[in-house]
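Please find below some notes on this model, set out as numbered points for discussion. They take up charged pairs, then nonpolar packing, and lastly a pocket.

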Amino acid sequence: MSGDSAGRAGRPESRFGFTLEHWALWQSEAVSSTNAWPSGSVLPANGGLAEVGFLPMLQRRRLSSLARAACAVAWHCRRAAGGDMPAIFHSNHGESQFYLDTLQDMAAGEAVSPSRFSLSVHNAIAGLFSLQSGSFLPYVALAGGTEGIFGAFVEAAGWLQDVRRVMIVCYEQPLPAIYQNYAAACPHIWALAMVLSRPAESGQQLSLFREPLVGQGSCETGQPKLLQAMLNGQQTGCDQLERVRWWWALGHD
């Protein structure tokens, strides 16, 4: 699934290849999807709140705006793929407003809401989706780190050594104002799900190439360029993070 070789700066590079079976993207701002990548769907913005009418009312009421977005794209991808599969959930900051509220309650000497706490942990959305979908297959919830959303692809490459396909679900929302001077800001809520299988199977081929940067680079902020590329039909490009640049290319087998 991957191979290392000497990089231009004498550091290891990594290449990853996948068959992209299906994808689904939602963001809170309406966008045109006329030229979007094939084999996927851009879900309607729906006034800035993802549609989750496939869930019973009691389950819908437990979901934040971010959780609705993540569950909507995951549900759509799982249905399009025609079956269940292991899943990798990925977010840099997760339910940031929930854990900020919890910390502020603790600082004020107030009791912590068990319900709010349970929904603020990093695997909360993954757990909710697992319950909603009745899945008994494994899932993990990853925090972003220095690789951004591409950490989910690295994890997927490892899983595909053992299973035929896997779903990744990446999602972010704007941080509360108190954090915005310390972390890259996300302008709006977005969520992306992809069903990936081993390379060279029939379908769209997604290639990723990791290039370590010498010294500290200029980290891009906002929504990953990969998402904009998917919407615009751009089939090659890169995202530059603090210490690494990730290149991607989409082709057809």
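1. Salt bridges in this predicted model number 7 over the structure. One of them joins R165 to E21, with the closest N and O atoms 3.3 Å apart, and it links distant parts of the chain, since R165 belongs to strand 6 and E21 to strand 2, 144 residues apart. R165 counts as buried because its relative accessibility, 15%, falls under the 20% cut-off, whereas E21, at 26%, counts as partly exposed.

2. A second pair brings together the side chains of R164 and E201, at 3.0 Å from N to O. R164 sits in the loop between helix 6 and strand 6, and E201 in the loop between strand 7 and strand 8, so this salt bridge ties together parts that are 37 residues apart in sequence. Both residues are partly exposed, R164 with a relative accessible area of 43% and E201 with one of 26%. The two pairs should be read jointly, as E21, R164, R165 and E201 are linked in a network of salt bridges.

3. A further salt bridge is formed by D84 with R78, where the closest N and O atoms are 3.2 Å apart; D84 is partly exposed, its relative accessible area being 29%.

4. Turning to nonpolar packing, the largest core has 35 residues, and those with the most contacts inside it are F18, W37, F153, I168, M194, L196 and L208. At least two residues of this core come from each of several elements, including strand 2 (12–27), strand 6 (165–172) and helix 7 (225–232), while helix 6 gives the most, with 6 residues. Leaving aside neighbours within four places in sequence, F153 is in contact with F18, I168, M194, L196, L206, L208 and L226. Apart from this core lies another, of 33 residues, with L43, A67, F129 and A191 among them.

5. Helix 7 deserves a separate remark: L226, L227, A229, M230 and L231 are buried within this helix, and just after the helix G233 takes a positive phi of about 80°.

6. Finally, which residues line the second largest pocket? The lining is made up of W26, L43, P44, N46, A50, E51, F54, A72, W75, H76 and R79, which divide into 7 nonpolar, 2 polar and 2 charged residues. Helix 2 (residues 65–81) gives the most to this lining, with 4 residues, and the space in the pocket comes to about 160 Å³.

Definitions and conventions:
Residues are numbered from 1 along each chain as its sequence is written. This is a predicted model: local features need pLDDT of at least 70, side-chain atom pairs count only at pLDDT 80 or more; totals for chains, interfaces and linings use all residues. Side-chain values use heavy atoms; hydrogens and water are left out. A nonpolar core is a set of buried Ala, Val, Leu, Ile, Met, Phe, Trp, Tyr and Cys residues joined through side-chain atoms within 4.5 Å. Buried means under 20% relative accessible area, exposed over 50%, partly exposed in between (1.4 Å probe, protein chains only). Contact means heavy atoms within 4.5 Å. On a 1 Å grid over the protein atoms alone, a cavity is a set of points where a 1.4 Å probe fits but cannot get out, and a pocket is an open set with protein on both sides within 12 Å along at least five of seven lines; lining residues have an atom within 4 Å of a point. Grid points are joined across faces, edges and corners, and a volume is the space filled by probe spheres set on the points. Ala, Val, Leu, Ile, Met, Phe, Trp, Tyr, Cys and Pro count as nonpolar, Asp, Glu, Lys and Arg as charged, and the others, Gly among them, as polar. A salt bridge is a side-chain nitrogen of Lys or Arg within 4 Å of a carboxyl oxygen of Asp or Glu.
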